[in-house]
Amino acid sequence: MDLIPGLPDDVARQCLIRVSYEKFSTISAVCKVWKNEVDDPDFFLHRKTAGHSRPVFAMAQARVVPNRSSSAIKSPKFFYRVTLLDPETGDWSELPPAPGFSEGLPMFCQLVGVGPELVVVGGWDPDTWEISTSVFIYNFVSAAWRRGADMPGVRRSFFGCAAAKSGGMVYVAGGHDGEKNALKSAWAYDVAKDEWAPLPDMARERDECKGVFHRGKFHVIGGYCTEMQGRFGRSAEAFDFASWQWDAVEENFLEAATCPRTCVEGGEMGMYMCRAGEVAALQVSSTWRAVSKMPAEIGHTAFVSSWEGMLLVIGCRRCGESQVAYILDLRSGRWRKVAVPDEFTGSVQSGCCLEM
């Protein structure tokens, strides 16, 4: 059966790969042939090769509503949902709630993108504040959530998490257990097979570390051991998949002992982080170099992500204020402000960039 009656399949395929990602679920529902086409991983490869793929940022972002307490003083309660930003159009939107979390996502959950799917891992139950091992996957083709296999091993939170550019794998490492003991164990999750497998332990415990998939390796940056409790270190270690072991600890990976949450992969342009009012780039010589000053409106950085030579930074002047968003062109060094509707100015806890 032809993709589009009367047209050669290669021409019809050129039509389909131009459809906006918001319409994936619509075209996949038209007929089985179109569904099979959009479900094929080659569809997204053709789309990217032809220059029609688009970056989409997914974020765990707060919606502030009054606490329904009988108390005369109404204190705010935070509910987190998945919000989306299309940086090319400036459009903001929100995904439907994940199953079982109609009142909000797990707090401090991690978001990673794998192809046309968004994976939400772990966090704290928003009602009980207990550590959650849940995994949810949102598929942008079917426009539906599904439950994944729970994260195995000890219950952990504040772990490092990253996804490989290809292969459909998600990696987690470090964090702490329910007794606030820092962890050095690590796991790999195959999204398509819905299976977890252990990785060798890291050399060190790393609570509140940052996971970054960079140049083919899973980097786990910073964090602290149990005894340090909140006093961040400067070291990092990377998992080499070829040798199936962790590289030697790089003691001075960070120039200062600081929270590593703003470290992000920058593709061919390297790795970046926001620090002390500036954006810094990691050079080949393993030294950090300032490449731009931060906008004056961002004194506290909540979320950083990158795509194709661009850096998205979301934050606020002071903690507790409404979030603003800026995009830095890493080649020209120019910033541009992104318009943020009022309903999307809540605090961002985590996020990722999907290329669709």
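The legends below describe an overview and several close-up views of a predicted model.

**Figure 1. Overview of the predicted chain, with its 4 helices and 24 strands****.** The secondary structure of the chain comes to 4 helices and 24 strands, and the radius of gyration is 21 Å, close to the 21 Å that the globule rule gives for 356 residues, so the chain is as compact as a globular protein of that length. Along its principal axes the C-alpha trace spans about 70 × 60 × 45 Å. Buried residues make up 50% of the 356 residues, and of the contacts with a separation of 6 or more, 48% are accounted for by residues 24 or more positions apart. The structure holds 18 salt bridges, some of which appear in the views that follow.

**Figure 2. Close-up of helix α3 and the helices against which its buried residues pack****.** Helix α3 runs over residues 32–39, and within it Trp-34, Glu-37 and Val-38 are buried. These residues cover an arc of only 90° around the axis, which puts them on the same side of α3. The buried residues of α3 pack against three elements, namely α1 (9–16), α2 (24–28) and α4 (41–49).

**Figure 3. Close-up of the salt bridge between Arg-54 and Glu-22****.** The closest N and O atoms of Arg-54 and Glu-22 are 3.7 Å apart, and the pair links distant parts of the chain, since Arg-54 belongs to the loop between α4 and β1 (55–66) and Glu-22 to the loop between α1 and α2, 32 residues apart. With a relative accessible area of 14%, Arg-54 is buried, whereas Glu-22, at 39% relative accessibility, counts as partly exposed. Glu-22 and Arg-54 are also linked with Asp-86 in a network of salt bridges.

**Figure 4. Close-up of the salt bridge between Lys-48 and Glu-355****.** In this pair the closest N and O atoms are 3.5 Å apart, and the two residues, which stand 307 residues apart, link distant parts of the chain, with Lys-48 in helix α4 and Glu-355 in strand β24 (residues 348–355). Lys-48 counts as partly exposed at 48% relative accessibility, and Glu-355 counts as partly exposed at 34%.

**Figure 5. Close-up of the salt bridge between Glu-117 and Arg-146****.** The side chains of Glu-117 and Arg-146 meet at 2.6 Å, N to O, and this pair likewise links distant parts of the chain, with Glu-117 in strand β5 (residues 117–121) and Arg-146 in strand β7 (residues 144–147), 29 residues apart. Glu-117 counts as buried, at 11% relative accessibility, while Arg-146 is partly exposed, with a relative accessible area of 34%.

**Figure 6. Close-up of Asp-177, a buried residue without a salt bridge****.** Asp-177 lies in the loop between β9 (169–173) and β10 (186–190). The nearest side chain of opposite charge, that of Lys-180, is 8.6 Å away, and because a salt bridge requires a side-chain nitrogen of Lys or Arg within 4 Å of a carboxyl oxygen, Asp-177 has none. Its side chain instead has backbone nitrogens as partners: a polar atom of the Asp-177 side chain lies 2.9 Å from the backbone nitrogen of Glu-179, and the side chain of Asp-177 also reaches the backbone nitrogen of Asn-181 at 2.9 Å. Leaving aside neighbours within four places in sequence, Asp-177 is in contact with Ile-131, Val-154, Arg-155 and Leu-183.

**Figure 7. Close-up of the exposed residue Glu-308****.** Glu-308 is placed in the loop between β20 (300–307) and β21 (310–316), and its relative accessible area is 58%. Although Glu-308 and Pro-55 are 253 residues apart along the chain, their C-alpha atoms are separated by 9.0 Å. Apart from neighbours within four places in sequence, Glu-308 is in contact with Arg-331 and Glu-355; Glu-355 also forms the salt bridge with Lys-48 shown in Figure 4.

**Figure 8. Close-up of the buried residue Ala-62****.** Ala-62 has its place in strand β1 and counts as buried at 2% relative accessibility. Once neighbours within four places in sequence are set aside, Ala-62 is in contact with Phe-78, Phe-79, Tyr-80, Arg-81, Gly-346 and Ser-347. Ala-62 and Asn-36, by comparison, are 26 residues apart in sequence and 36 Å apart in space, C-alpha to C-alpha.

Key:
Residues are numbered from 1 along each chain as its sequence is written. This is a predicted model: local features need pLDDT of at least 70, side-chain atom pairs count only at pLDDT 80 or more; totals for chains, interfaces and linings use all residues. Side-chain values use heavy atoms; hydrogens and water are left out. Buried means under 20% relative accessible area, exposed over 50%, partly exposed in between (1.4 Å probe, protein chains only). The arc is that of the directions from the helix axis to the C-beta atoms. Contact means heavy atoms within 4.5 Å. Lys and Arg count as positive and Asp and Glu as negative; His and the chain ends are not counted. A polar contact is a pair of N or O atoms within 3.5 Å; within protein, one must be able to donate a hydrogen and the other to accept it, and residues adjacent in sequence count only if both atoms are side-chain atoms. The radius of gyration is taken over C-alpha atoms; the globule rule is 2.2 Å times the number of residues to the power 0.38.
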